[in-house]
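Colleague: I should be grateful for a close look at a single part of the model shown here, the first helical segment, if there is one, and whatever surrounds it. Please set that part in the context of the whole chain and proceed step by step.

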Amino acid sequence: MLASLGIPEDRARRYCDRIQCCEYLLVLKGKDEEIQNAEVILKKHDINYWGIYELPQV
């Protein structure tokens with residue numbers, strides 16, 4: 001499922017492992033400016049394990 005969101009397979013496996021350890025996966029969709037704002041917030045709160053991915057073209 002995560003691969004359909006453009007997340008590389010190795011990263012998707014790590015995310016699934018973290019979910020199984022009762023951690024959260026947050027998926028956001030937005031314009032470039034909105035994504036940049038989210039990036040600032042993540043860094044401000046020391047959330048270090050995240051990525052920005054492009055949705056595959058259908």
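Modeller: Buried residues account for 7% of the 58 residues in the chain. This is a predicted model, and every value below is computed from it. The C-alpha trace spans about 30 × 30 × 15 Å along its principal axes. The secondary structure amounts to two helices and zero strands.

The part to examine is helix H1, which covers residues 9-20. Its geometry can be checked with simple arithmetic. Twelve residues at 1.5 Å a residue should span 16 Å, and the end C-alpha atoms of H1 lie 17 Å apart, so the two values agree.

Tyr-15 is a useful place to start within this helix. With a relative accessible area of 7%, Tyr-15 falls under the 20% limit and therefore counts as buried. The structure holds one aromatic pair. That pair joins Tyr-15 to Tyr-49 in an edge-to-face arrangement, with 5.7 Å from centre to centre and 85° between the planes. Tyr-15 belongs to H1 whereas Tyr-49 belongs to the segment after H2, so the pair ties together parts that are 34 residues apart in sequence. Tyr-49, at 26% relative accessibility, counts as partly exposed.

Two arginines also meet the ring of Tyr-49. Arg-11 lies over the face of Tyr-49, at 4.8 Å from the ring centre. Arg-18 likewise lies over the face of that ring, at 4.1 Å from its centre. Tyr-49 thus has an edge-to-face contact with Tyr-15, a charge from Arg-11 over its face and a charge from Arg-18 over its face.

Arg-18 takes part in a further contact. Its side chain forms a salt bridge with Glu-23, in which the closest N and O atoms are 3.4 Å apart. At 35% relative accessibility Arg-18 counts as partly exposed, and Glu-23, with a relative accessible area of 40%, is partly exposed as well. Arg-18 therefore remains partly exposed at 35% while it contacts both the ring of Tyr-49 and the side chain of Glu-23.

The structure holds four salt bridges, and another one of them is found inside H1. Arg-14 is bridged to Asp-10, with 3.3 Å between the closest N and O atoms. Both residues lie in H1 and are four residues apart, about one turn of the helix. An α-helix has 3.6 residues a turn, so residues three or four places apart point the same way. Arg-14 is partly exposed, with a relative accessible area of 39%, and Asp-10 counts as partly exposed at 39% relative accessibility.

A similar spacing occurs in helix H2, residues 32-44. There the side chains of Lys-43 and Glu-39 meet in a salt bridge at 3.4 Å, N to O. Because Lys-43 and Glu-39 are four residues apart in H2, about one helical turn separates them. Their accessibility can be set side by side: Lys-43 counts as exposed at 52%, whereas Glu-39 is partly exposed, with a relative accessible area of 23%.

The chain beyond H1 also deserves attention. H1 is followed by Cys-22, whose phi is near 65° and positive. Most residues other than glycine have a negative phi, and most peptide bonds are trans. Cys-22 has a positive phi although it is a residue other than glycine. It is found in the loop between H1 and H2, and at 68% relative accessibility it counts as exposed.

Asp-46 has a positive phi too, near 55°, and is again a residue other than glycine. Its place is in the segment after H2, and it is exposed, with a relative accessible area of 61%.

Finally, there is a nonpolar surface patch of about 230 Å², made by Ile-19, Leu-25 and Val-27. Of these residues, Leu-25 is found in the loop between H1 and H2. Leu-25 is partly exposed, with a relative accessible area of 35%. That value is over the 30% required of a patch residue, so Leu-25 meets that condition.

To summarise the part requested, H1 carries the buried Tyr-15, whose pairing with Tyr-49 ties the helix to the segment after H2. H1 also holds a salt bridge between Arg-14 and Asp-10, about one turn of the helix apart.

Notes. Residues numbered from 1 in each chain as written. Predicted model: local features only at pLDDT ≥ 70, side-chain atom pairs only at ≥ 80, totals over all residues. Heavy atoms only, no water. Expected span 1.5 Å × (residues − 1). Patch = residues over 30% accessible without salt bridge, like charges linked within 9 Å, V, L, I, M, F, W, Y side chains within 5 Å. Areas by Shrake-Rupley, 256 points an atom, 1.4 Å probe, with all protein chains shown as cover. Buried < 20%, exposed > 50% of the residue type's maximum accessible area, 1.4 Å probe, protein only. Phe/Tyr/Trp six-rings, centres within 6.5 Å; stacked < 30°, edge-to-face > 60°. Lys NZ or Arg CZ within 6 Å of the ring centre and 35° of its normal.
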